[in-house]
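Let's take a walk through this structure together, one piece at a time. Have the sequence and the model side by side as you read.

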Amino acid sequence: MKIGIDMGGSHVAIGIVNENGKIIEKFEKDIKTVGDQAKAEISTYIIEIISKIKENHNIEKIGIGSPGTPRDGVLTNLINLKIKEFDISSILMEHFDIPVLLKNDAKCAGLAEKTYGALKEYQDAVFLCLGTGIGASVFMNGKELKPIQNPGMEIGHMVIDKNGIKCNCGKTGCFETLCSVKRLKDKLIDEMNLSKEVSSKELLEILKWRAKEENIKKILEEYIDNLNIGLSNIIDIFAPQAICLGGGF
């Protein structure tokens with residue numbers, strides 16, 4: 001068995017994965033802290049869950065998909081969690097003596113779709129992960145595009161509105177400032193005067209009843225328009241056979 005850990009911009013999900021890539025059990029936790037507090041919260045939770053899993057399973061490897069740029073076992077530039085460096089590999093290997101592999105979360109999700117899922121039949125494809133930010137993975141001739149210097153494919157930070165709002169990356173009007181699911185959820189929650197603690201599942205249920213209200217309809221249509229601009233740019237640049245959209249929402 002292997003353990004897969006998805007570290008999003010505001011949550012951690014941990015799955016037990018068999019040899020066929022199937023998740024047989026899953027654990028999740030929302031992360032409401034940032035900086036050093038977030039590092040402590042994340043580390044404690046992961047160690048607690050893996051310790052429980054090891055009581056019943058022999059674990060060969062731990063794989064972590066994370067936002068930012070993983071380097072030499074260290075997570076770097078987790079912008080939305082306000083973490084510059086996080087040596088999660090050393091922390092986990094100290095506790096469990098199990099190999100730990102790191103990769104950008106959107107790249108992991110893209111590889112999963114290419115290997116097991118929606119992109120399996122396509123040679124040229126783009127995967128977009130719509131979450132707290134927007135991550136991406138690009139495949140050409142069946143292979144993942146991998147720049148030499150950095151992981152790249154930061155499609156979420158292409159500018160689609162130069163007069164838009166400031167992004168956490170420092171630029172203004174990035175794709176993810178308009179089309180991340182977090183941005184959409186925040187706007188809907190504010191417009192409907194809902195609790196900030198409302199879950200994604202609860203919000204979707206509410207939307208089923210209120211999506212045709214003019215103010216809500218306007219937010220959704222604006223989101224779709226901006227998403228179409230981003231998708232159009234991606235199509236012009238990469239000419240993919242398919243684009244796969246993913247993310248928890």
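Ser89 sits in helix α2, which covers residues 88–96. This is a predicted model, so keep in mind that everything here is read off a prediction. Is Ser89 buried or exposed? With a relative accessibility of 3%, Ser89 counts as buried, because anything under 20% falls in that class. Setting aside the neighbours within four places in sequence, Ser89 is in contact with Gly73, Val100 and Leu102.

Now look at what helix α2 packs against. Helix α1 and α2 pack at an angle of about 35°, and their axes lie 11 Å apart. The way α1 passes α2 is a right-handed crossing. On the α1 side, the contact is made by Ser43, Ile46, Ile47, Ile50, Ser51 and Lys54; on the α2 side, Ile88, Ile91, Leu92, His95 and Phe96 take part. What kinds of residue make up this contact of α1 with α2? They divide into seven nonpolar, three polar and one charged.

Stay with α1 for a moment, since its charged residues have a story too. Side chains of opposite charge can pair when their charged atoms come close. Inside α1, Lys52 and Glu48 do just that, meeting in a salt bridge at 3.7 Å, N to O. Both residues lie in helix α1, four residues apart, which is about one turn of the helix. How open are the two partners? Lys52 is partly exposed, with a relative accessible area of 46%, and Glu48 is also partly exposed, at 39%.

Another salt bridge reaches out of the helix. The side chains of Glu41 and Lys29 meet at 3.6 Å, N to O. Glu41 belongs to helix α1 (residues 35–54) and Lys29 to strand β3 (residues 23–30), so this pair links distant parts of the chain, twelve residues apart. Glu41 has 22% relative accessibility, which makes it partly exposed, and Lys29 is partly exposed as well, at 29%.

Follow Lys29 back into its strand and you arrive at a run of paired strands. In β3, Lys29 is the bridge partner of Val12. Strands β2 and β3 pair in the antiparallel sense over seven bridges. They form a hairpin with five residues between them, and Gly21 in the turn has a positive phi of about 80°. On the other side of the story, strand β1 (residues 2–7) and β2 are also antiparallel, paired over six bridges. Here the hairpin runs through three residues, and Asp6 has Ala13 in β2 as its bridge partner.

So β2 pairs with β1 and with β3. How many of the seven residues of β2 are buried? Six of them are, leaving the strand mostly covered. Ile16 is a good one to look at, placed in strand β2 (residues 11–17). At 1% relative accessibility, Ile16 counts as buried. The C-alpha atoms of Ile16 and Lys26 are 6.5 Å apart, although these residues are ten places apart along the chain. Not counting residues up to four places away in sequence, Ile16 touches Met1, Lys2, Lys22, Ile23, Ile24, Glu25, Phe27, Ile53 and His57.

Next stop, strand β4. Ser66 lies in this strand, which takes in residues 61–66. Its relative accessibility is 0%, which means Ser66 counts as buried. Again leaving out residues up to four places away in sequence, Ser66 touches Met7, Leu75, Leu78, Lys103, Asn104 and Asp105.

Finally, jump further along the chain for one more charged pair. Lys187 forms a salt bridge with Glu222, and the closest N and O atoms are 2.7 Å apart. Lys187 lies in helix α5 (residues 181–191) and Glu222 in helix α7 (residues 214–238), so the pair ties together parts that are 35 residues apart in sequence. Lys187 is partly exposed at 28%, and Glu222 is partly exposed at 37%. How many salt bridges are there in total? The count comes to ten, and the pairs you have met here, including Lys187 with Glu222, are among them.

Terms used:
Residues numbered from 1 in each chain as written. Predicted model: local features only at pLDDT ≥ 70, side-chain atom pairs only at ≥ 80, totals over all residues. Heavy atoms only, no water. Salt bridge = Lys/Arg side-chain N within 4 Å of Asp/Glu carboxyl O. Helix = DSSP H or I, 4+ residues; strand = E, 2+ residues; numbered from the N terminus. Buried < 20%, exposed > 50% of the residue type's maximum accessible area, 1.4 Å probe, protein only. Contact = heavy atoms within 4.5 Å. Axes fitted to C-alpha atoms, helices over the stretch in contact; angles between N-to-C directions. Left-handed = near helix turned anticlockwise from the far one by under 90°. Nonpolar A, V, L, I, M, F, W, Y, C, P; charged D, E, K, R; others polar. Pairing = 2+ DSSP bridges.
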